[in-house]
Structure formats: structure tokens, C-alpha cells
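Got your viewer ready? Load the model and keep the selection box handy, then follow along.

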Amino acid sequence: MASDEQWRLLEQLVQEVDQQTEQLRRMQERMRDLSATAASKDGMVTVTVGPRGEVRAIDLDPRVYRKLSPSELADTIVAQIGDATRQVSGELKELMAPFVPDLPFEDLFGDGTGFESFLPRPGTS
């Protein structure tokens with residue numbers, strides 16, 4: 001039979017797990033709501049991306065078609081997607097830091113690495 005001290009310890013552990021689970025749930029909610037917006041220096045192109053780097057919006061000033069060639073416009077859009085993705089990756093790193101303090105973020109979040117690699121895939125556990 002377990003002693004009172006053992007029960008108190010078990011209750012404390014359960015409470016700690018509940019608190020950590022709630023913190024993770026809040027972090028996941030914040031992650032889903034994350035987005036970052038980047039604008040070109042001239043303000044003609046603005047891009048918003050979500051937490052996985054997915055493009056959520058591209059806003060073009062109507063004058064952009066007169067000022068930029070198609071290839072310049074494409075390059076500007078790609079550059080803003082990259083800037084916004086780097087911003088949202090930085091925000092994700094800040095959100096995750098309390099949960100994985102020793103994670104080598106610079107190695108994991110460098111070029112070619114996306115945060116989606118840390119998320120479960122649909123239909124998997």
C-alpha cells in the first residue's frame with residue numbers, strides 16, 4: 001500500500017504534467033496563429049506567410065506593374081517571401097525555446113530546414 005508521501009508525490013507529478021500539457025496546448029495555439037509580413041523597400045510588394053512558411057497574402061501596389069519588369073517583380077516577391085519566412089521562423093524559435101532550451105536552433109533552422117519537419121504529419125501519431 002502506498003504511503004501518504006507517495007500519494008502526495010504522485011499528485012504533484014500529475015499536476016506538473018497537467019501544467020506542462022496546458023503550456024504546450026497554448027504554444028500550439030500561438031503557433032497556428034503566427035504570421036509574418038515583409039514589405040519591399042519601396043512598399044510596392046507586401047507578403048504575409050504563416051508558421052510553416054505558406055504564403056497567405058501577396059499585396060501589390062497597382063503602380064508596381066509600371067515600375068518593375070515581370071522578372072523584377074517575381075524576384076521582389078520571392079525576396080519578401082524569404083524575409084517573412086525568416087521572421088516567422090524567429091518567432092517560432094522564441095515560442096519553442098522554453099520547451100527545448102538545448103535545441104541547436106541555428107543548425108535546425110538554417111537554410112533548407114523548415115519548422116514543418118518538427119510537426120506531426122496528418123494521419124500519424
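What share of the contacts in the chain with a separation of 6 or more comes from residues 24 or more positions apart? Those residues account for 45% of them, where contact means heavy atoms within 4.5 Å.

Some ground rules before clicking. This is a predicted model, so to speak of local features we need pLDDT of at least 70, and side-chain atom pairs count only at pLDDT 80 or more, while totals for chains, interfaces and linings use all residues. Residues are numbered from 1 along each chain as its sequence is written, and side-chain values use heavy atoms, leaving out hydrogens and water.

**Whole chain.** Switch to cartoon: you should find four helices and three strands, in the order α-β-β-β-α-α-α from the N terminus. Helices (H or I, at least four residues) and strands (E, at least two) are DSSP runs, numbered from the N terminus. Now show the surface. About 9100 Å² is exposed, with 52% of it supplied by carbon and sulfur atoms; accessible areas come from the Shrake-Rupley method with a 1.4 Å probe, and for residues only the protein chains shown count as cover. Of the 125 residues, 25% count as buried (under 20% relative accessible area; exposed is over 50%, partly exposed in between, with a 1.4 Å probe and protein chains only).

**Select 4-33.** This is helix H1, and Val14 sits in it. Val14 is partly exposed, at 43% relative accessible area. Add Trp7 and Leu10: with Val14 they make a nonpolar surface patch of about 290 Å². Patches like this take residues with over 30% relative accessible area and no salt bridge (a side-chain nitrogen of Lys or Arg within 4 Å of a carboxyl oxygen of Asp or Glu), joining nonpolar side chains (Val, Leu, Ile, Met, Phe, Trp, Tyr) within 5 Å and like charges within 9 Å.

**Select 45-60.** Strands E2 (residues 45-49) and E3 (residues 55-60) run antiparallel, joined by five bridges; two strands pair if DSSP finds at least two bridges between them. Click Thr48 and look across to its bridge partner in E3, Ala57. E2 and E3 form a hairpin with five residues between them, and Gly53 in the turn has a positive phi of about 85°.

**Select 70-96.** Here is helix H3, whose 27 residues should span 39 Å at 1.5 Å a residue, which agrees with the 39 Å between its end C-alpha atoms. The expected span is 1.5 Å times one less than the number of residues. Its buried residues include Leu73, Ile77, Val88 and Met96. Ala79, also in H3, is partly exposed at 35% relative accessibility. For a last stop, draw a distance from Ala79 to Val45: their C-alpha atoms are separated by 9.9 Å, though 34 residues apart along the chain.
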